[in-house]
Amino acid sequence: MLRRDLLLALRRRSDVATTLFFFLIVSSLFPLGIGPEAAVLSSIAPGVLWVAALLAGMISLSRLFAADFADGSLEQMLLAPQPLALLVLAKILAHWIVCGLPVVLLAPLIGLQYALPNDALLVLVLSLLLGTPALSLIGAIGAALTLGVRGSGLLVALLVLPLYIPVLIFGAGAVAASQHGMSAQAHLSLLAACSLLSLVLAPLATAAALRISVE
Amino acid sequence: MKINWFKYSSPQTFYPLAGKMIPWFALLAAGFMVAGLYISFAIAPTDFQQGEAYRIIFVHVPAAWMSMVIYVVMAAWAGLGLALNARLSAMMAQALAPTGAIFTLLALVTGSLWGKPMWGAWWVWDARLTSELILLFLYLGFMALQSSIDDPRRADRAGALLALVGVVNVPIIYFSVKWWNTLHQGSSINMGAAPKMAATMLLGMLLMALAFWMYTIAVALMRVRCIMLERERTADWVKELSVKEPSGVR
């Protein structure tokens with residue numbers, strides 16, 4: 001399942017690139033709007049980069065189930081003998097590898113543009129690495145709920161963004177803490193807790209949502 | 001005496017019952033409201049630190065309580081509807097959502113009106129304010145999801161799932177005071193500890209909270225009656241009703 005989704009993503013490379021470019025463009029817009037002073041930029045960097053990562057992850061959510069829903073393979077998954085939550089988890093993991101991981105890898109580069117010091121960069125990558133899986137997991141619930149609904153793109157934003165807020169707070173908080181010379185460990189632990197909690201609950205909720213949406 | 005609770009779980013039997021209950025709850029709401037407002041504005045002493053401005057607490061705190069309680073109740077109805085596949089539960093959840101959103105908005109607005117003279121700012125990015133705002137977003141998301149799905153059965157179940165997911169947020173609101181304690185004062189009423197305010201103030205606040213409860217029940221029942229008629233418009237009992245009382249809902 002994981003291999004299939006990854007292969008599909010590889011065949012349509014432009015999809016991956018769009019997410020990445022979106023992240024790049026959004027985070028490059030802020031310096032243009034605010035001005036190039038390094039001090040200002042580095043103080044807003046944690047929040048801006050996290051929000052950009054949030055939006056990039058959200059934009060790609062609609063693709064998570066839509067294609068499978070359109071060609072009917074989603075119904076096959078619902079009927080498959082394997083537990084649906086497990087299949088969903090594989091799909092979410094594939095989504096994270098395709099959309100989340102590139103953002104994590106690209107983030108330090110943009111962090112440099114924002115004049116972040118080295119240890120803050122490290123914390124940024126670490127926090128994104130811990131936090132973005134939660135984004136994919138929580139987002140999957142929203143994507144499954146809005147499957148085949150009119151205006152689903154906007155609706156998904158309305159449903160999912162409020163649920164993203166704790167992840168944003170802890171993620172950006174971790175980077176800000178390390179910028180101010182404090183330990184980021186508390187934030188990172190809470191972030192990991194968010195991810196683990198959503199790892200347990202989100203696949204089940206997503207599976208239930210899929211059953212509701214496809215009946 | 002044994003009461004058959006399931007008797008009223010069908011819209012047909014619940015509709016007249018709700019119609020009978022509405023005036024009572026509305027009356028109670030009005031009564032508690034008058035008493036609560038009288039106590040809070042005429043009897044309760046002036047706060048020695050905050051002066052008269054603190055009196056907004058009598059609307060602000062009960063509204064904030066209601067906003068959270070309604071969300072939990074709504075999620076409970078939604079969960080019940082999802083588990084037992086009961087139509088009426090889902091309708092109740094749908095009927096509660098707008099009232100909850102209004103109370104959330106009321107809590108935010110009164111909070112900012114109170115914050116201006118006390119903290120010198122309309123809005124502060126404090127954890128409790130922020131989570132109340134998130135709660136408003138959750139209500140709006142619930143309503144938006146329900147209204148954008150055409151099939152009511154699917155809308156009910158999708159909304160129920162969303163409400164259950166969102167209910168995780170309500171304890172975060174409640175404990176956020178302890179987690180990120182910043183500018184917002186800690187809650188004034190603690191279970192176990194003696195309240196840190198004058199008894200009349202507490203009484204006024206509790207009366208207002210009761211008034212809000214009654215108001216919520218009355219309004220939710222009214223709304224659920226409309227939803228019932230709309231959803232079951234093809235059912236026999238609705239047709240009979242419209243023949244019997246063509247003048248409309250009563």
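User: What percentage of the 250 residues in chain B is buried?
Analyst: Chain B has 250 residues in this predicted model. A residue counts as buried if 20 or more other C-beta atoms lie within 10 Å of its own. The buried share of chain B is 38%.

User: How many helices and how many strands does chain B have?
Analyst: Read along the sequence, chain B runs α-α-α-α-α-α-α-α. No strand appears in that pattern. The count is eight helices and zero strands.

User: Among contacts in chain B between residues at least 6 apart in sequence, what share joins residues at least 24 apart?
Analyst: The pool here is contacts in chain B between residues at least 6 apart in sequence. Of these, the share joining residues at least 24 apart is 78%.

User: Where does the kink in α3(B) lie?
Analyst: Helix α3 of chain B covers residues 87–119. Its bend is about 25 degrees. The proline B:Pro98 follows shortly after the kink. The kink lies at B:Ala97.

User: How far apart are the end C-alpha atoms of helix α3 of chain B, and why does that agree with its 33 residues?
Analyst: The expected span is 1.5 Å times one less than the number of residues. For the 33 residues of α3(B), that gives 48 Å, so the end-to-end distance agrees. The end C-alpha atoms are 47 Å apart.

User: Which residue just after α3(B) takes a positive phi?
Analyst: The phi in question is about 80 degrees. The residue that takes it, just after α3(B), is B:Gly120.

User: Is B:Arg87 buried or exposed?
Analyst: B:Arg87 lies in helix α3 of chain B. Its C-alpha is 8.2 Å from that of B:Ser9, 78 residues away along the chain. B:Arg87 has 20 C-beta neighbours inside 10 Å, so it counts as buried.

User: Which helix supplies the largest share of the side of chain B that touches chain A?
Analyst: On this side, 16 residues of chain B are in contact with 16 residues of chain A. Both α4 (127–148) and α5 (152–166) of chain B supply at least two residues. The residues of chain B divide into twelve nonpolar, two polar and two charged. The largest share, eight residues, comes from α4(B).

User: Why are α9(A) and α5(B) described as roughly parallel or roughly antiparallel?
Analyst: Helix α9 (residues 185–213) of chain A packs against α5(B) with the axes 9 Å apart. The angle is about 170 degrees. Angles over 145 count as roughly antiparallel. So α9(A) and α5(B) are roughly antiparallel.

User: Which residues of α5(B) meet α9(A)?
Analyst: From α9(A) come A:Ala205, A:Ala208, A:Ala209 and A:Ile212. The residues of this contact divide into seven nonpolar, no polar and two charged. From α5(B) come B:Arg154, B:Arg157, B:Ala158, B:Leu161 and B:Val165.

User: Where does the kink in α9(A) lie?
Analyst: α9(A) has 29 residues and reaches 40 Å from its first C-alpha to its last, close to the 42 Å expected. The kink is about 35 degrees and comes shortly before the proline A:Pro203. It lies at A:Leu199.

User: Is A:Ala208 buried or exposed?
Analyst: A:Ala208 is found in helix α9 of chain A. A:Ile141 is 67 residues away in sequence, yet the C-alpha atoms of the pair are 8.9 Å apart. With 23 C-beta neighbours inside 10 Å, A:Ala208 counts as buried.

User: Leaving aside neighbours within four places in sequence, which residues is A:Thr206 in contact with?
Analyst: A:Thr206 also lies in helix α9 of chain A. With 29 C-beta neighbours inside 10 Å, A:Thr206 counts as buried. Its C-alpha is 21 Å from that of A:Leu168, 38 residues away along the chain. The contacts of A:Thr206 are A:Val88, A:Ala140, A:Ile141 and A:Ala144.

User: What is the kink at A:Ala45 in α3(A), in degrees?
Analyst: The 22 residues of α3(A) should span 32 Å, and the end C-alpha atoms are 29 Å apart. A:Ala45 and A:Pro46 are among the buried residues of this helix. The kink lies shortly before A:Pro46 and is about 55 degrees.

User: How far apart in space are A:Phe30 and A:Ala45?
Analyst: A:Phe30 is found in helix α2 (residues 13–34) of chain A. With 20 C-beta neighbours inside 10 Å, A:Phe30 counts as buried. A:Phe30 and A:Ala45 are 15 residues apart in sequence. C-alpha to C-alpha, the distance is 9.4 Å.

Terms used: Residues are numbered from 1 along each chain as its sequence is written. Chains are lettered from A and ligands numbered from 1 in the order in which they are written. This is a predicted model: local features need pLDDT of at least 70, side-chain atom pairs count only at pLDDT 80 or more; totals for chains, interfaces and linings use all residues. Helices (H or I, at least four residues) and strands (E, at least two) are DSSP runs, numbered from the N terminus. The bend at a residue is the angle between axes fitted to the seven residues ending there and the seven starting there. A residue is buried if 20 or more other C-beta atoms lie within 10 Å of its own, exposed if 12 or fewer, and partly exposed in between; C-beta atoms are placed from the backbone. Two residues are in contact if their C-beta atoms, placed from the backbone, lie within 7 Å. Ala, Val, Leu, Ile, Met, Phe, Trp, Tyr, Cys and Pro count as nonpolar, Asp, Glu, Lys and Arg as charged, and the others, Gly among them, as polar. Axes are lines fitted to C-alpha atoms, for helices over the stretch in contact, and angles run from 0 to 180 degrees between N-to-C directions. Angles under 35 degrees count as roughly parallel, over 145 as roughly antiparallel, 65 to 115 as roughly perpendicular and the rest as oblique.
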